[in-house]
Amino acid sequence: MHPASAIVELRGVAKNFGGGPPVLADISLTARRGEFTSFIGPSGCGKSTLLRLIAGLTDATAGEVRVDGRTPAQAAAELAFVFQEPTLLPWLNVAHNVEIPDKLRGIPAAARAAHRAAALALVGLAGRESAYPRQLSGGQKMRVSLARALTLAPKILLLDEPFGALDEMSRERLQEELLAIRAQQGWTAFFVTHSVAEAVFLSDRVFVISAQPGRLRAEIAVPLASPRTAETRLSRDYQDLVVEVTRRLRAVKTFAA
Amino acid sequence: MPRRYYNVLLPLLSGALAFAVWQVVCLLLDEDHRFLLPAPLAVLAALRDEWPVLSHAALNTAQGALLGFALAVVISFTLALALASARWVRASFYPYLMLLQMTPVILFVPMLVIWVGPGLPSVSLITFLICFFPLVVNTTQGLVSADRLLVELFRMYRATRWQEMWRLRVPAALPYFFTGLRIAATLAPIGAVVGDYSAGSSAGDGGGLGFRAVIYGSTAKYPALFATAAVTCALGFVLVAAVLALSQLTLGRWHDSYAQKDN
């Protein structure tokens, strides 16, 4: 792998909270520009913490996290985070929610409106600008949350189980749309999930993490062709990979027990 | 039965029933004891007869109540912002606020009258003291309990502390603030009447409702005393209704418990 194409690098990263037992140990990985990486593992394996380390929301106890050659804090402008919950401000309508990141950065109104319109079009919510979060379905709220992250034109998108609370249908649709948006924008993605099928469908690479402490136990490349569609889910290659990742995940769970 | 009838008709019905029972009980009392419990019709008559005096007193009391209430809103909000902005400020002062909340303000009324003078100044000061604590406690609670993920979102986007306060914490605290405001609105007329009861007498201009209560009580005009209480209730009702309307206007579009049920 050429160093020039690396955008996120973790070297020997460990994390424990306030003298407690290690949550993550000895994490080293490199992600290429434009790569889609998923983390999957049992509950409490520290996969969300790993994402938060890359986001700069928390600091590593040992080791080094580099984002675009800088610390996560220095690279904050390149990063966007999509939380497990939609985390919308309930007192703002869709338009104002999507504009929040721009507003906090003091971007002028005209540019804000342009970013907002483009982002809402991408997630298929053009026309819903004046709706309030409580009037939207779970899937629509998640789309707004995604649109908000996209207004910043991030180089790196961090997604922490964003579709976990959705029903199967909305979930699969959003996965397909997420990949379609990525095809247009080319950001690098890190995706935390509990679902093997989701990890395989979305990713170029899946890391299986063990618990207590969280370690990278397996790395599975996913060489499925793009664009991936509903058809992809029916293909033999896809299903073989799901079986493969499931086996690795099961091995980790036995290992932890 | 449509909801509207349910919510209007039933209370009217139960009120009328209570009114009738009360009137009958009074008629059953023998002549010598009738003064002990004024009959509702006698109270209504007193309300009519004393209206010129009572309405004037009500205006005086309303003035004190509103002034103290407004002062409490402004000062408690400012203090809540300070308390919410740093953990050390909260740790240093919050316990004492809780303690002060337990303090029976009424005990200090004689001193307060000496400090600020009788009449409107002391009436509004007492109202202020009674309204202040529920407001500051609720608002502070609201400001510090903004959703943790939303706070992280703001930090992620490198929001300044000012932005975090005004764009996140203050709007998130509004439902809590309005809870405090509703409590304070019920307390304000009571505070003003209590203040007026002990500090309004020498105010000139006939004093407020509390002062009328002192006079009616000492001259055994009990129907008029009940009428005074009714006017105080009405004052509180108007203030609470105004607060509810304001909260509906502010929170109606986004907050679940205030939102219109039909959408």
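Mentor: Before we start, contact means heavy atoms within 4.5 Å. This is a predicted model, where local features need pLDDT of at least 70, side-chain atom pairs count only at pLDDT 80 or more, and totals for chains, interfaces and linings use all residues. Residues are numbered from 1 along each chain as its sequence is written, chains are lettered from A in the order in which they are written, and side-chain values use heavy atoms, with hydrogens and water left out.

Trainee: Okay, how many residues does each chain give to the contact?

Mentor: Take the two sides one at a time. Chain A puts in 27 residues. On the other side, chain B puts in 21.

Trainee: And how much area do chain B and chain A bury between them?

Mentor: Buried area is the accessible area (1.4 Å probe) that two parts lose on being put together, summed over both. Carbon and sulfur atoms carry 65% of it here. The total is about 2300 Å².

Trainee: Which three residues supply 34% of the area that chain B buries against chain A?

Mentor: No other three residues of chain B supply more. They are B:Met156, B:Tyr157 and B:Trp254.

Trainee: Which residues form a salt bridge between the chains?

Mentor: A salt bridge is a side-chain nitrogen of Lys or Arg within 4 Å of a carboxyl oxygen of Asp or Glu. The count between chain B and chain A is 1. Its closest N and O atoms are 2.4 Å apart, and the partners are B:Glu152 and A:Arg52.
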